[in-house]
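I opened this notebook to keep a record of what I looked up in one structure. The entries follow the order in which I took up each topic.

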Amino acid sequence: MTRPLVTAALAPLGVAGAAAVGAAVWGVGIERYLFTVRYHALRVLPKGAEPLRVLHVSDAHMAPWQHRKQEWMSRLVELSPDLVVNTGDNMGHRDGLVGVRTAFSTLREIPGLVVHGSNDYQEPAPRNPLRYFLGPSGNLPVHKHLDVDSLDRFFTDDLGWSILDDTAVSLEVKGTRITAFGVNDAHRNWDHPELIPPALESLDAADLTIGVMHAPYRRTLDTFIELGADVLLAGHTHGGQVRIPFSDKALVSNCDIPLDQARGLSEWTHADRTVPLNVSAGLGHSIYAPVRFACRPEATLLTLLPR
């Protein structure tokens, strides 16, 4: 083979290699810092109710050195939310609570609801990312435990938020009576939705019912609709974290939700009821997989309006 032919044959490999390097530089060095807010409006409130601004945050996976993320999150209060819903995986390091405090302290005294993800209890561990294509990562060994008690004291005592793991609460926001219920992390089979109905029995009738979960498994979504949820909020998927640009589907979801519903606002139908579902792509990533590609880190502001 002559030299020109060899050069021509190798040229596509060079282009592909350059594209791969460029994508890696973008995903690791740029996009994972391009925090954004998604805005949606939902008509789910009773006629005549005052609009409510719900800030949905998820999957911060906070490490103490992530100052850009902490500072950006601390400014979310400027969105003037009436309610904050946190769908878990706040911690990403044994000392992550330092960053969590910085990120959320500005939201003090704004009503809030929290459920846990597994990374609120256990440190992340290295994992081959290709294994996510084989199925959800639920059967992982137990790693070092995190100080979830201190995390919960910060949420409940400092911020005044309610933890919804396998229970329900009632609260009033701007004249709207809200019932909210949630479960612990279904990804690790730590959820006990059978504990929710007894908790609901003690609550007054509500104008709006919100179902909150970390991992949007189909069984949880179906159960929450059966329990009367008008809105479903979840995280966990990271939106796939690495996506094909301009595609409507994630490559993976790390649970059994359809791939085209692994990020953003959609609807879930079960038992002849269809309700809005927002799955946050989250604000962080494992410290062992520091990349985002075609899937910017996000928070969501949901404006709830009268039907």
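The entries below concern a predicted model and go from the sheet to the rings, the empty space and the backbone.

**Entry 1. The open sheet**

I began with the strand order. Six strands make up an open sheet, and their order is β1-β12-β2-β3-β4-β5, with mixed pairing. At the edges I found β1 (36–45) and β5 (162–163), each of which pairs on one side only. I then looked at the contact between β1 and β12, where the two strands are parallel and share 9 bridges. As one point of reference within that contact, I noted that A41 has T303 in β12 as its bridge partner.

**Entry 2. The hairpin of β10 and β11**

I next examined β10 (residues 264–270) and β11 (residues 273–279), which run antiparallel and are joined by 7 bridges. T269 stands opposite T274 of β11. The hairpin has 2 residues between its strands, and A271 takes a positive phi near 50 degrees there. D272 lies in the loop between β10 and β11, and its phi is also positive, about 65 degrees, although D272 is not a glycine. Is D272 buried or exposed? I recorded D272 as exposed, because its relative accessibility is 81%.

**Entry 3. Another positive phi**

Most residues other than glycine have a negative phi. I therefore noted E109 as well, whose phi is positive, near 75 degrees, in a residue other than glycine, with the general tendency in mind. E109 belongs to the loop between α3 (97–104) and β4. E109 counts as exposed because its relative accessibility reaches 72%.

**Entry 4. Aromatic pairs**

I searched the whole structure for aromatic pairs and obtained 7. One of them joins Y121 and W190 edge-to-face, at 5.3 Å centre to centre and with 85 degrees between the planes. This pair links distant parts of the chain: Y121 is in the loop between β4 (112–114) and α4 (148–158), W190 is in the loop between β7 (176–182) and α5 (196–201), and the two are 69 residues apart. W190 is classed as partly exposed because its relative accessible area is 28%, a value that falls between the 20% limit for buried and the 50% limit for exposed.

I then turned to F181 and F224, which also form an edge-to-face pair, with 4.9 Å centre to centre and 85 degrees between the planes. Here too distant parts of the chain are linked, with F181 in strand β7 and F224 in helix α6 (residues 218–226), 43 residues apart. Both F181 and F224 are buried.

Which residues form one aromatic cluster? I listed F104, F154, F155 and W161.

**Entry 5. Charges over rings**

I looked for arginine side chains set over aromatic rings. R68 lies over the face of Y33, 3.5 Å from the ring centre. The charged end of R219 is placed over the ring of Y217, at 5.3 Å from its centre.

**Entry 6. The second largest pocket**

I returned to R68 and Y33, since both appear in the lining of the second largest pocket. That pocket holds about 170 Å³ of space. Its lining consists of R32, Y33, F35, W65, Q66, H67, R68, K69, L283, H285, I287 and P290. By class, I entered 6 nonpolar, 3 polar and 3 charged residues.

**Entry 7. The enclosed cavity**

How many cavities of 30 Å³ or more does the count give? I found 1. The largest cavity has a volume of about 30 Å³, and its lining is formed by V54, I210, V231, L233, L302 and L304. The elements that contribute two or more residues to this lining are β9 (231–234) and β12 (298–306). I counted 6 nonpolar lining residues, with no polar and no charged ones.

**Entry 8. Two contacts across the sequence**

I closed with two C-alpha distances. N254 is in the loop between β9 and β10, and P136, 118 residues away in sequence, is 4.3 Å away in space, C-alpha to C-alpha. N254 is buried, because its relative accessible area is 14%.

L171 is part of strand β6 (residues 167–173). Between L171 and P111 I noted 60 residues in sequence and 8.5 Å in space, C-alpha to C-alpha. L171 counts as buried because its relative accessible area is 14%.

Definitions and conventions. Residues numbered from 1 in each chain as written. Predicted model: local features only at pLDDT ≥ 70, side-chain atom pairs only at ≥ 80, totals over all residues. Heavy atoms only, no water. Phe/Tyr/Trp six-rings, centres within 6.5 Å; stacked < 30°, edge-to-face > 60°. Helix = DSSP H or I, 4+ residues; strand = E, 2+ residues; numbered from the N terminus. Buried < 20%, exposed > 50% of the residue type's maximum accessible area, 1.4 Å probe, protein only. Lys NZ or Arg CZ within 6 Å of the ring centre and 35° of its normal. Pairing = 2+ DSSP bridges. 1 Å grid on protein atoms, 1.4 Å probe; cavity = no way out; pocket = protein on both sides within 12 Å on 5 of 7 lines; lining within 4 Å. Points joined across faces, edges and corners; volume = space filled by probe spheres on them. Nonpolar A, V, L, I, M, F, W, Y, C, P; charged D, E, K, R; others polar.
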